[in-house]
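Reader: I would like a close look at one helix in this model, with its packing and the loop that leads into it. Please add some context from the rest of the chain afterwards.

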Amino acid sequence: MDRSVLVVVIFFAAACKGGTNAASAANSNSASSDTPVAAQTSDTGATVAGPTSTTGSPATGSAANSAGGASAAAGPAQMTAQLNNTVSGTPNPNRVPNEMGRIMVLEYHLITDHNSDYARERGQFRKDLELLYNRGYRPVNMSDVLDKKLNLPRGLSPVVMVFDDASPEQFRYIEKNGKLEIDPTSGLGIWLDFRKTHPEWSNKAVFCLLNGAAAGHNFFGDRGIQGQKSNWRFQKVKWLADNGFELCDHTLWHAQLSKYPDAFVQEQIARNALAIDSAVPGYKIRSMALPQGLWPKNRALASKGSWTNPKTGKTVSYDWPVVFEVSGGPMRSPYDPAFNPGKTPRIQVIGNAIESTMNKLEQSGNMYISDGDPSVVARPAASTAATIKK
């Protein structure tokens, strides 16, 4: 049933621009190493298998045992907190909805013991989660944006968190008594621990994967790097998909696509997609991240192409709507006619980039804020009430 939402915020067209065209963390594992160099009108609403975090009992929800016998973390919990209660992290329910506002897409690489352009110190990463939660943000997958499934409770804002390069620092196993557990010091371990005290912080984030890069960037670790066994790789990828996270292509070994011919570009992308499908048969990939933000000479090949295996004659095709760039600021709402997922900007998480972007969006009145009604898009107007039926 339709309802009217009074919108009193002036809609400013200005959006945050920023970020540098810096390089990603992974290096080429073949040849020489690469060096750094937005449709129309509303709405967010996860199965489980594999090891769990060692930080304690899993968050609420269903759980299953892995092949190794460890219980798995639960899928996303439904958001049940009443927004009119005084609860830590609960945003002001009187925030004026604006579902035409911008959405932050955050870009992470290593989660480790120091901060740098491509690393976030573990304690700082936990602080990032706290900051987002307390400022009224909740994670969504990029697929939720594409499908306009952003029906968060009133007053909340979506955030898309993207992790590039599939490093062990993001997802690392430890083995105890013959059972695998998620290392609590890895990025995923910190995430799952945070969920235990913030149950409406869903298991939603995008992992852009490599299947052949150096330094262990091979489906989160191989060949004993950081204690990771090669036969754990596909299990990790499946665990992510089974637990609500989204999988994304990032090429086979992080090649600078701008340097290579069309056939090579398509092989890099298609062979990596094939590896993901081997880990999670039938999984529908809907996005890819450009290594170092570099487009191929034929830009269309970033989102659509094919490669034929010369040994088997089998052709692998790919076709997805989302291409993640390295920088560019927050993206447009999926209800904005100028929304262009084929060129999705991101915010590199360096220093205080998250808080700075939040402040700018709030000050400009250009932040996506849910109205809590899946049937209506809250659209700002200069001086009149505005609603759109979804």
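Author: What follows takes helix H3 as the part in question, then turns to other places in the chain.

The model is predicted. Its protein chain holds 6 helices and 17 strands. There are 390 residues in the protein chain, and 57% of them are buried. The exposed surface of the chain comes to about 15300 Å², of which carbon and sulfur atoms supply 50%.

Helix H3 covers residues 187-197. This helix is mostly covered, since 8 of its 11 residues are buried. The buried ones are Gly187, Leu188, Gly189, Ile190, Trp191, Leu192, Phe194 and Arg195.

What does H3 meet? One partner is helix H1, residues 122-134, whose axis comes within 10 Å of the axis of H3. The two axes cross at roughly 40°. An angle of 65 to 115 degrees would count as roughly perpendicular and one under 35 degrees as roughly parallel; H1 and H3 are therefore oblique to each other. Their crossing is right-handed.

On the H1 side, the contact is formed by Arg122, Phe125, Arg126, Leu129, Glu130 and Tyr133. On the H3 side, the residues are Gly187, Ile190, Trp191, Asp193, Phe194 and Thr197. By class, the residues of this contact divide into 6 nonpolar, 2 polar and 4 charged. An α-helix has 3.6 residues a turn, so residues three or four places apart point the same way. In H3, Gly187, Ile190, Trp191 and Phe194 appear both in the contact with H1 and among the buried residues.

The loop that leads into H3 comes from strand S8 (179-182), and Ser186 is found in this loop. Ser186 is buried, with a relative accessible area of 0%. Apart from its neighbours within four places in sequence, Ser186 is in contact with Pro168, Glu169, Gln170, Phe171 and Arg172.

A second helix pair offers another crossing angle. The axes of helix H4 (residues 233-242) and helix H5 (residues 262-279) come within 8 Å and cross at roughly 80°. H4 and H5 are therefore roughly perpendicular to each other. Phe234, Val237 and Lys238 of H4 make this contact with Ala275, Ser278 and Ala279 of H5. The residues involved divide into 4 nonpolar, 1 polar and 1 charged.

The loop between strand S9 (206-209) and H4 contains Ala215, and Phe219 also has its place between S9 and H4. Most residues other than glycine have a negative phi. Ala215, however, has a positive phi near 60°, and Phe219 has a positive phi of about 50°. Are these residues buried or exposed? Ala215 counts as partly exposed, at 48% relative accessibility, whereas Phe219 is buried, with a relative accessible area of 0%.

One last place concerns two prolines. Pro97 lies in the loop between strand S1 (52-53) and strand S2 (104-108). At 1% relative accessibility, Pro97 counts as buried. Pro97 and Pro380 are 283 residues apart along the chain, and their C-alpha atoms are separated by 8.2 Å.

To return to the helix asked about: H3 is mostly covered, it is oblique to H1, and the loop before it holds Ser186, which is buried.

Technical notes:
Residues numbered from 1 in each chain as written. Predicted model: local features only at pLDDT ≥ 70, side-chain atom pairs only at ≥ 80, totals over all residues. Heavy atoms only, no water. Axes fitted to C-alpha atoms, helices over the stretch in contact; angles between N-to-C directions. Helix = DSSP H or I, 4+ residues; strand = E, 2+ residues; numbered from the N terminus. Parallel < 35°, antiparallel > 145°, perpendicular 65-115°, else oblique. Left-handed = near helix turned anticlockwise from the far one by under 90°. Contact = heavy atoms within 4.5 Å. Nonpolar A, V, L, I, M, F, W, Y, C, P; charged D, E, K, R; others polar. Buried < 20%, exposed > 50% of the residue type's maximum accessible area, 1.4 Å probe, protein only. Areas by Shrake-Rupley, 256 points an atom, 1.4 Å probe, with all protein chains shown as cover.
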